[in-house]
Amino acid sequence: MEKFPISDQNFHLGFHPSSSSMDLNDQSTISETSGQSPASGYSFSYCRTSSDTSAFSDPTTDDSSFCTEPSPAILARQGTRKYKVAAGEKVDDQDAVDSEMEMMKERFAKLLLGEDMSGSGKGVCTAVTISNAITNLYATVFGQNLKLEPLPPEKKAMWKREMSYLLSVCDYIVEFFTLSQTLEDGTSVEVLSSRQRSDICLNLPALQKLDLMLLDILDSFQDTEFWYAEKGSMSSNSNRSRSGSFRRLSLQKEEKWWLPVPCIPSSGLSEKARKHLRNRRECANQIHKAAMAINSTILAEMEIPESFIDTLPKSGKASIGDTIYRYMYSADKFSPDHLLDCLNIGSDHDALELADRIEASMYTWRRKACLSHSKSSWELVKDLMAETDRVDKNTILAERAETLLLSLKQRFPELAQTTLDTSKIQYNRDVGQAVLESYSRVLEGLAFNIVAWIDDVLFSDSSITNQQ
């Protein structure tokens, strides 16, 4: 993975991405490509986190919903002081605590019912419910945040509080191991002990650190030299009062009408402001790569659903087409970049359709390779594995299809999830993987949006500077 220097941000991500995600480029879903400045105009339409409302985090105007007082669950989980209500505390404070507890009970009830409020047992499994809850909470908190500005305090408190609730389940996902102990008489015995599951222990702290860093990036844009005007408004007072002249550049295309437009003073940004924007962009870009690497690793570890296997074509050639198949099969030195250049892919929709076809053909060839190996005894396969992998046509085609798919995702980093990824999330039954996948996905989307918003401001500033 490419490393970026981050001023004033010394941190350790604490994860080890798979090789398939080491070279992913700068940007990656809730989005469509546009022909403007790099990553500009995507904002909350990042398509890897597609959700509009939250069943777990319904928007509400009740003050208790945005209570910043730590709940008993959070205090117990963080090992802080016990939550007490002083004898002389006001009745209103106690009512606020009771209201928060009732809200927590209601939302965990929805979680346990699997989003089936009839209680008939027809709800989705726990893993999918938690994944939906995290996705919807992200949409509720960040869905209207389309600018480089701090989150409102009530939204930030809501995000931290409810994410703490949802992540608390990971404290009880454990794996067992044997531990050697010596008794008082010197006898050595083995006892069974438990610890947090390795994938959660490795990735969850890293994701929580990335989460805090993204919030810190947004908090750093409090007193800025730029501001925002709503689409179609030429008044600098549409968001805040500013003195002096300014120029507003309409960066977004007409179909991006909902995005606010960054406004820059007529003299342009100061060098200090530009340096701060570039520094925050590098930090957000590295966070985006880290979250995307974790997400790719978790998705790769998920089981492939039988429903996807059943829909695989009988022939990989029929899936990808004659042109791609002939190049993949006949080329002595396979170059995925050259093949993609020849295909001349015009849009994200075409890229996603091609990715689905490549992925289907890849698993078709892998399945055929496994079937051909199973015809021999295991000892024979073990002895001839290295040689067979080199000469087996299906194995070679599967490897080249995997390389082509990776190159396609690198060329279109904002590509939506493929059919296989969506199926894995839908049919996943592992709660730990569901939490890690959804958490990394929403952080990936937020980091991507921050990079896009910074690019919009820098593009506006450079355009004004060039006009002078």
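**Close-up 1. A salt bridge inside helix 15.** Arg-441 pairs up with Glu-437 in a salt bridge, with 2.9 Å between the closest N and O atoms. This is a predicted model, and the distance is computed from its coordinates. Both partners belong to helix 15, sitting 4 residues apart, or about one turn of the helix. Are Arg-441 and Glu-437 buried or exposed? Both Arg-441 and Glu-437 are buried. Elsewhere, Glu-271, Arg-274, Arg-278 and Asp-461 are linked into one network by salt bridges that share partners.

**Close-up 2. Two more salt bridges, one within a helix and one between helices.** A search over the whole structure turns up 14 salt bridges, and here are two more to look at. In helix 2 (residues 91-112), Glu-102 and Lys-105 lie 3 residues apart, about one turn of the helix. Their side chains meet in a salt bridge at 3.6 Å, N to O. Glu-102 has a relative accessible area of 47%, so it counts as partly exposed. The other pair is Arg-411 and Asp-341, whose side chains form a salt bridge at 2.7 Å, N to O. Because Arg-411 sits in helix 13 (residues 393-411) and Asp-341 in helix 10 (residues 336-343), this pair ties together parts that are 70 residues apart in sequence. Arg-411 is partly exposed too, at 35% relative accessible area.

**Close-up 3. The largest nonpolar core and its hub residues.** Which residues touch the most other members of this 58-residue core? They are Phe-142, Leu-148, Trp-159, Phe-226, Leu-277, Tyr-439 and Ile-450. At least two core residues come from each of helix 3 (126-142), helix 4 (153-167), helix 5 (198-219), helix 6 (271-301) and helix 15 (431-467). Helix 15 makes the largest contribution, with 14 residues. In soluble globular proteins, nonpolar side chains tend to be buried together.

**Close-up 4. What surrounds Trp-159, and a second core.** Leaving aside residues up to four places away in sequence, Trp-159 touches Leu-137, Tyr-138, Val-141, Phe-142, Asp-211, Leu-215, Tyr-439 and Val-442. Apart from the core just shown there is another one, made of 26 residues that include Tyr-325, Ala-360, Leu-404 and Phe-412.

**Close-up 5. Strand 5, covered on both faces.** How many of the 5 residues in strand 5 (residues 261-265) are buried? The count is 5 of 5. On one side sit Val-261, Cys-263 and Pro-265, on the other Pro-262 and Ile-264, and all of these are buried. That split fits a general pattern: in a regular strand the side chains alternate between the two faces of the sheet. Strand 5 runs antiparallel to strand 3 (residues 227-229), and 3 bridges join the two. Look for Trp-227, which stands opposite Cys-263 of strand 5.

**Close-up 6. Where to trust the coordinates, and where to go easy.** Mean pLDDT for the protein is 76, and 70% of the residues score at least 70. Among the elements, helix 5 has the highest mean pLDDT, 96, while helix 1 (residues 72-78) has the lowest, 41. Residues 1-47 stay under 50 throughout, though the model gives them 150 contacts beyond four places in sequence. Residues 232-254 are also below 50, and this stretch has 66 contacts in the model beyond near neighbours in sequence. Where pLDDT is low, the predicted coordinates should not be read in detail.

Definitions and conventions. Residues numbered from 1 in each chain as written. Predicted model: local features only at pLDDT ≥ 70, side-chain atom pairs only at ≥ 80, totals over all residues. Heavy atoms only, no water. Core = buried A, V, L, I, M, F, W, Y, C linked by side-chain atoms within 4.5 Å. Buried < 20%, exposed > 50% of the residue type's maximum accessible area, 1.4 Å probe, protein only. Contact = heavy atoms within 4.5 Å. Salt bridge = Lys/Arg side-chain N within 4 Å of Asp/Glu carboxyl O. pLDDT = per-residue confidence, 0-100. Pairing = 2+ DSSP bridges.
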